[in-house]
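Colleague: Can you pull up the model with the ligand in place? I have some short questions about it.

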Amino acid sequence: MAEQDFAYIIVGGGLAGASAVEGIREMDGSGSVLLIGNENHLPYHRPPLSKQLWLGKKQVGEILIHDRQFYEKSNVTLSLVTEVAGIEPDKKTVRSAAGETYHFGKLLLATGGMPRRLSVPGSDLDGICYYRFLDDYLRMRKDAVEGKSALVVGGGFIGSEIAAALVANKVAVTMIFPEAYLCNRVFPESLGIAIQNSYIGRGVTVLAGDRPQSFEKRDDFFVTATDKGRRIESDLLIVGIGIVPSAALAKDAGLRTDSGIVVDEYLRTSHPDIYAAGDNAVFPYQALGRQMRVEHWDNALNQGKQAGRNMAGAGEAFTYMPYFFSDLFEFGYEAVGEVSTELETFADWQKENDTGVIYYLKDRKVRGVMMCNVWEKVEAARALIRRGEKVTPEGLHGVIR
Ligand SMILES: Cc1cc2nc3c(=O)[nH]c(=O)nc-3n(C[C@H](O)[C@H](O)[C@H](O)COP(=O)(O)OP(=O)(O)OC[C@H]3O[C@@H](n4cnc5c(N)ncnc54)[C@H](O)[C@@H]3O)c2cc1C
């Protein structure tokens, strides 16, 4: 098969990949671009898959990152439903599973991640939904109707949001997760318990501190046995227990990987013509002075764009501090930095466990900030983290309101 040549090839039709097109075109109006993605949709935003689409606040057609005309106008060749099976850095080629070979000048790996799977008996049963893709939403939405029941495995972002979305659609929801309370990696205990109680108050059965031991399918429903000896029947079974970054293409090609694809401040991998961005990239988070991999929308957007600019010669370090957000019923937040309960936390509530700001501290410095039902303060939080001054919890009272 004849080899085609492109100045830029982007592997991965998600947010980082689509944003890279913008970055490339800001710098280079004419170099040829090929965007390869294995889904059967134009690149789309994932956050609405667990939020607005379920609440009728958005329709599927409204979640595209760009419409088809954008790619036409930007002179981008789109190759959807195409799996990239391998890359050869020395030859600067990309090989599709169907056997086509493409030559690149610069390559971006924007392959994101795949849902982490359970490994208990029955965890590969047909119909279990490891939730991440638009096709997952389309399938679940069809089945998640009033009167049905769902077991949601996982109490992190995705599990909590999907559970809330199902409740809004009058599905009877049970949640199961091994931790003591919802979103325990980011919420201090009292907030996590308060949010969990709001779920329970809305009729969700919350099985904290337990986990599935096996799954079976009987007729049209699933039967889940748990570590604590429970037996749960449900029409739907949705799993949201995190992702595994898609780094295999890079690893197999001999590029540097650890908990993802390792890039430098220019988002370049260990090969000077190959870049990575988004959920799959381990990058130097400059304001925090450490390597990080960030699985959030704003990071994929800005990192993808910066990678595109750098592929086209901008030579700009990625110094942006991405924020992230979530909505759990009426509780919404925006957060920035290292938002982890492994750090010391200090909550400055205006209304306890509802409205206020949580600071995440290490060595008496602010490393992360979560603004709960407090809006338009992300910039203030970024500045506070960047300053890196020693603080005391008392001294943080009222700093961000
Ligand atoms: C349901 C849901 C809700 C979310 N909500 C929020 C939120 O509220 N706030 C927030 O900050 N973040 C949220 N996120 C996270 C955010 O959406 C991700 O961080 C972002 O989508 C990452 O973009 P990406 O381009 O790096 O990866 P992805 O979106 O995973 O895109 C990668 C693409 O590459 C494709 N691909 C992979 N390998 C290959 C290959 N070999 N060949 C061809 N194509 C390939 C994949 O199929 C995929 O289409 C949510 C995610 C999900 C799933």
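Colleague: What classes of residue make up the shell around the ligand?

Modeller: The shell holds 14 nonpolar, 14 polar and seven charged residues. Ala, Val, Leu, Ile, Met, Phe, Trp, Tyr, Cys and Pro are counted as nonpolar, Asp, Glu, Lys and Arg as charged, and the others, Gly among them, as polar.

Colleague: Which residues are closest to the ligand?

Modeller: Gly12, Gly14, Arg46, Gly112 and Gly278 are the closest of the 35 that surround the ligand. A residue is near if its C-beta atom, placed from the backbone, lies within 6 Å of the molecule. Residues are numbered from 1 along each chain as its sequence is written.

Colleague: And which elements supply at least two residues of that shell?

Modeller: α1 (15-27), α7 (297-311) and β21 (323-328) each do. Helices (H or I, at least four residues) and strands (E, at least two) are DSSP runs, numbered from the N terminus.

Colleague: What is the mean pLDDT of the chain?

Modeller: The mean is 97, and 100% of the residues reach 70 or more; pLDDT is the predictor's confidence in each residue, from 0 to 100. Among the elements, β21 has the lowest mean, 94, and strand β18 (residues 274-276) the highest, 99. This is a predicted model: local features need pLDDT of at least 70, side-chain atom pairs count only at 80 or more, and totals for chains, interfaces and linings use all residues.

Colleague: Changing topic, how many of the 401 residues count as buried?

Modeller: 42% of them, buried meaning that 20 or more other C-beta atoms, placed from the backbone, lie within 10 Å of the residue's own.

Technical notes. Buried ≥ 20, exposed ≤ 12 C-beta atoms within 10 Å, placed from the backbone.
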